[in-house]
Amino acid sequence: MNNFDTIVIGGGLIGASVAYGLSRSGQRVAMFDEGDNAIRAARGNFGLIWVQGKGVNSPAYAAWTRKSAQQWPDFSKELTELTGIDLAFEQNGGFDFCLNNDEYTSRQALMEKMAADSSGEFSFEMLNNHELKKILPEVGPSVTGASFSKLDGHINPLLLLKALHKAFKQLGGMVLSEAVVDLNYADKTFKVNTNSQTHESGKVVLAAGFSNKTLAPKVGLSVPVYPQRGEILVTEKIKPFLRHPTGLVRQTHEGGLMLGDSHEDVGFDEGTNMNEIQQIAKRAIAIFPCLENVKMIRAWGSLRVLTKDGLPIYDHSNSCPGAYAFSSHSGVTLSTVHALDIASCIARDDLLPSSLTCFSAKRFDV
Amino acid sequence: MFRSINNNQGELITIYFEGRALNVPKDHNVATALLEAGISSFRQTALNNESRGPYCMMGVCFDCLININGLDNQQSCTIQVSDGMKIRRQVINTSGKNE
Amino acid sequence: MNSTEYDIIIIGAGPAGMSAAALADHHKASVLILDENCAPGGQIYRAIEKNQKGDNEWLGQSHQEGLPLVEAFRRSRVNYQHSTKVWHLSSAKVVHYSVNGKSHSAQGKQILVATGAQERPFPLLGWTLNGVMSAGAAQILLKESGVVCEDAVFVGTGPLLYLIAHQYISAGIPIKAIIDTTPRGNYLRALRYSFGALKNAKSILQGWCWKREIIKSGTLYISNIGDVRINGSDSVASVEYCQKGKWKNLNCKHVFLHQGVAPELNTSLSAGCDKSWNERQACWTIDVDQYGQSSVEGISVAGDASSIAGGVAAAQRGSIAALNMLYTLNLISSSDREALSKPFKKKLSKEMNARPFIDALFKPHLRYRVPQDSRTIVCRCEEVTLAQIKESINVGCKGPSQLKSFTRCGMGPCQGRLCGLSVTEILTKELGVREEQVGYYNIRPPIKPVTLAELASLDGS
Ligand SMILES: Cc1cc2nc3c(=O)[nH]c(=O)nc-3n(C[C@H](O)[C@H](O)[C@H](O)COP(=O)(O)OP(=O)(O)OC[C@H]3O[C@@H](n4cnc5c(N)ncnc54)[C@H](O)[C@@H]3O)c2cc1C
Ligand code: FES
């Protein structure tokens, strides 16, 4: 007999969301979570629930993102009721700033396309500096304007991760703090090996970030992902001044600011780049001049799990039925669809829904 | 009570704490000047509204943060007083933000 | 990024940094030395030039020993930047620092981290109340501004606690009480090392003298206690201590805490230097070879910043590190390095003889390093209690990084300096593993908080 119905490999935002969702559906689940210092995107996360601009060239991704964002209010309530953890969830719309006219017109075109592709489900507003100042009086003169989408929101990503772990355990899930080194499939059973033990299950979910790349082939899947570094700056606590999340700055529940939107291809280097940090600081001051005297207390580079086309991977194995692999760099935004939609599908032993077939990694086999 | 052991404190300047004028030696840092004036609560913590004041006096603990000339989060043990400086207790209350 | 280049960049102008700077200058190296304070001297010789003039006998003999050091340093031609905050040190030996709100960068061929020590955290119930300060703070107020506090209660252990109390008594400032938390068993444990210590009897005797004079002065001296806590709502109302199973109350308005010092780790760790747990001193120390060279090529660490050995040892270790850097820079030969470092090594070894004895005698009790009462605040910045840490451990937290994400412990502006050691030891105890397995926070830049304007103003990029 198998110890578990499903083993989830990876305890980051994706793994923990799916694992929580599975135990919520009554499955016996074990989740493997690496030690304290694993490269883990969840910790470097910005905490945005972000819809605008997502899936401009992929209406399916845009719809999937929207669905998740729409489910967030109920999901947040559910997690808080279960765990007593206030996730600092807020969904009152987000702004993305434009610092010149070109940016403004191309942003507008982009948003119009998203709205047109969404059969009326996505709406946005463009605001010029004057209109913007009525809502965000601290905005500086060098801001041309901003796009606004009311589905955008934010959350404390660390508390979300903690709540998912706690809820999962409360529902009987088991967390195994060890790295998975090998995986195989025989007689309808998956064997998952760490350096010290072996566990068996009928299904396995690969949600191990970059390790998916090496684990996936063992169960007839492929997950071609690469790391992209994003730099994040965190400041000391200041008086609440920004109620809305924005693409560059967000004020957390505790009062600190998170700043950042840099993208660099640097391989597996979690370090920080002084030039990038300086650019982020400059942009932040350009948008909100009042931040000039606010101190940065931490900066870090965190690695996003990216595919060539920037879209996620949702796959199931044909040769090893019961094996699934997921990779995405929007673990916060998509947490609800992972916990609710994906998990219930796995719990029913179903294949992934047809709306997700376009996200199979087979799209890269050309 | 904090007090000076020197009879002659040298040149004095005037700073203001919550509008109250204080004559303090011009070499003092802000934290020392306030402590000597009997002020021990410099700020309220952002999360639990606890009262805090200087702890280490060497720029390490950040408990001496205070509002100086309108700017929050000034590390008062590392900043020298200057004539006319306006100091206020710092209150950054963020805990109610999402309620 | 175009930045000014120096043979040697030194961070910290205490005895280690000053000695290294003066010696390196003497051998024709170009030296930049950066320090946060407004005058040279570091912690031990803080404001020494200012106090030289007045009638300040209470500062004691050892304070005056620093004068020649500072004078030699002042005579050298090094580029000394005071009131300067170093906020980034990269493994590529680039230093970022800010003066008067503007940032600069400099490239060193060799780097010396001489950032000294800071007081250990003393996480007692009530240690965040107004009126509770560290004993080091009391000393800084005295040395730098001539400000004292009457009728305070001193709590803790360690030579520095006696030194400060002694300075107070010599200056005629009444102390309400000294509550000595030195564990009784330490005296026996220390005896084992007394033979080595006798080779440096002076430093041991001095501690005894201070203590004897404190007791002789009639100050209430309380020892052999089982526990201590501080009461009050916003400010201190009293200190309570447990003696022979009974809690006793001592009304007071001011408390000074101290239980030893530990290396300033953030600078070295952020540059990637390796560290090890030092069981004898119950803290992390930076791994260095006999010359102070760390695991990162071209970065040396000297003085209390690598491991605690006191001001005299710091000056020797600074000189030895300087000679090694000079040798690496081809400014002196290897035989010069050996010959010139001999007198420093000799003096250093004399200092080190007394160390095991001092370390054993003043090692703070585990109960004061790992708080007992779950209401105790461990992380002062983010207001995280022991209870919250334990809850996270129950949810599966295995180390400081995870604890940070679960509770924000260590995420505030002090950057873990006032909770890091406690967190390592709490996790070690709760998880039943070794300190090395638990580790420490991942230290990331900046080393010190820095404004966005300062970041944006970085020159040359
Ligand atoms: C509060 C306190 C008081 C002490 N008082 C005494 C005493 O009276 N007598 C005694 O024998 N020992 C005392 N000690 C112990 C003593 O500090 C050390 O043994 C000795 O000073 C070590 O010398 P050092 O050169 O290694 O470091 P230090 O003397 O500590 O010098 C380090 C210098 O580095 C600077 N620095 C640190 N970080 C940065 C940065 N990021 N940017 C710029 N500058 C930086 C600091 O401002 C400091 O000036 C005290 C320790 C402390 C913490
Ligand atoms: S009192 Fe500790 S930083 Fe000022």
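**Exercise 1. A salt bridge in chain C**

With which residue does C:Glu279 form a salt bridge? Locate both partners in the chain and classify their exposure.

*Solution.* The model under study is a predicted one.

Step 1. The partner of C:Glu279 is C:Lys363, and the closest N and O atoms of the salt bridge are 3.2 Å apart.

Step 2. C:Glu279 belongs to the loop between β18 and β19 of chain C, whereas C:Lys363 belongs to the loop between α12 (334-362) and α13 (366-369), so the salt bridge ties together parts that are 84 residues apart in sequence.

Step 3. Partly exposed residues fall between the limits of 20% and 50% relative accessible area. C:Glu279 is partly exposed because its relative accessible area is 38%. C:Lys363, at 22% relative accessibility, therefore counts as partly exposed.

Step 4. As a general principle, side chains of opposite charge can pair when their charged atoms come close.

**Exercise 2. Two salt bridges within chain A**

Determine where the partners of A:Asp182 and of A:Arg363 lie, and how exposed the residues are.

*Solution.*

Step 1. A:Asp182 forms a salt bridge with A:Lys218, with 3.2 Å between the closest N and O atoms. A:Asp182 sits in strand β9 (residues 182-186), and A:Lys218 sits in the loop between α6 (212-215) and β12; the two are 36 residues apart.

Step 2. A:Asp182 has a relative accessibility of 28% and so counts as partly exposed. A:Lys218 is also placed in the partly exposed class, at 37%.

Step 3. The side chain of A:Arg363 meets that of A:Asp309 in a salt bridge of 2.6 Å, N to O. Here the link joins the segment after α8 (335-347), which holds A:Arg363, to the loop between β15 (295-306) and β16 (313-316), which holds A:Asp309, across 54 residues.

Step 4. A:Arg363 counts as partly exposed because its relative accessibility is 23%. For A:Asp309 the value is 36%, so this residue counts as partly exposed.

Step 5. To set these pairs in context, a search of the whole structure finds 49 salt bridges over all chains.

**Exercise 3. The interface of domains 1 and 3 in chain C**

Describe how domain 1 of chain C meets domain 3 of chain C.

*Solution.*

Step 1. Begin with the division of chain C: domain 1 covers 4-118 + 262-332, domain 2 covers 121-259 and domain 3 covers 371-437. The C-alpha centres of domain 1 and domain 3 of chain C are 30 Å apart.

Step 2. Contact involves 11 residues of domain 1 and eight residues of domain 3 of chain C. Between them these domains bury about 820 Å², of which 49% is on carbon and sulfur atoms. C:Asn266, C:Trp277 and C:Trp284 supply 58% of the area that domain 1 buries against domain 3, more than any other three residues.

Step 3. Two salt bridges are found across this interface. C:Arg417 and C:Glu264 meet in a salt bridge through their side chains, at 3.2 Å from N to O. Five residue pairs are in polar contact across the same interface of domain 1 and domain 3 of chain C.

Step 4. On the domain 1 side, β18 (275-278) and β19 (283-286) are the elements that give two or more residues. Of the elements, β18(C) gives the most, with three residues. The residues on this side comprise five nonpolar, three polar and three charged.

**Exercise 4. A:Lys237 and the meeting of chains**

Is A:Lys237 buried or exposed? Identify its surroundings and its part in the interface with chain B.

*Solution.*

Step 1. A:Lys237 counts as buried because its relative accessibility is 13%, and a buried residue is one under 20%. A:Lys237 is found in strand β12 (residues 226-237) of chain A.

Step 2. Residues touched by A:Lys237 include B:Asn73, B:Ile92, C:Cys381 and C:Arg408. The side chain of A:Lys237 also makes a polar contact of 2.7 Å with the side chain of C:Glu382.

Step 3. Chain A has 17 residues in contact with 14 residues of chain B. The two chains bury about 1200 Å² between them. A:Lys237, A:Lys239 and A:His253 supply 39% of the area that chain A buries against chain B, more than any other three residues.

Step 4. The count between chain A and chain B is one salt bridge. B:Asp72 and A:Lys239 form a salt bridge whose closest N and O atoms are 2.9 Å apart.

Key. Residues numbered from 1 in each chain as written. Chains lettered and ligands numbered in written order. Predicted model: local features only at pLDDT ≥ 70, side-chain atom pairs only at ≥ 80, totals over all residues. Heavy atoms only, no water. Domains from an automatic or database assignment. Contact = heavy atoms within 4.5 Å. Buried area = accessible area lost by both parts, 1.4 Å probe. Salt bridge = Lys/Arg side-chain N within 4 Å of Asp/Glu carboxyl O. Polar contact = N/O pair within 3.5 Å; in protein donor to acceptor, adjacent residues only side chain to side chain. Helix = DSSP H or I, 4+ residues; strand = E, 2+ residues; numbered from the N terminus. Nonpolar A, V, L, I, M, F, W, Y, C, P; charged D, E, K, R; others polar. Buried < 20%, exposed > 50% of the residue type's maximum accessible area, 1.4 Å probe, protein only. Lists of a residue's contacts leave out its neighbours within four places in sequence.
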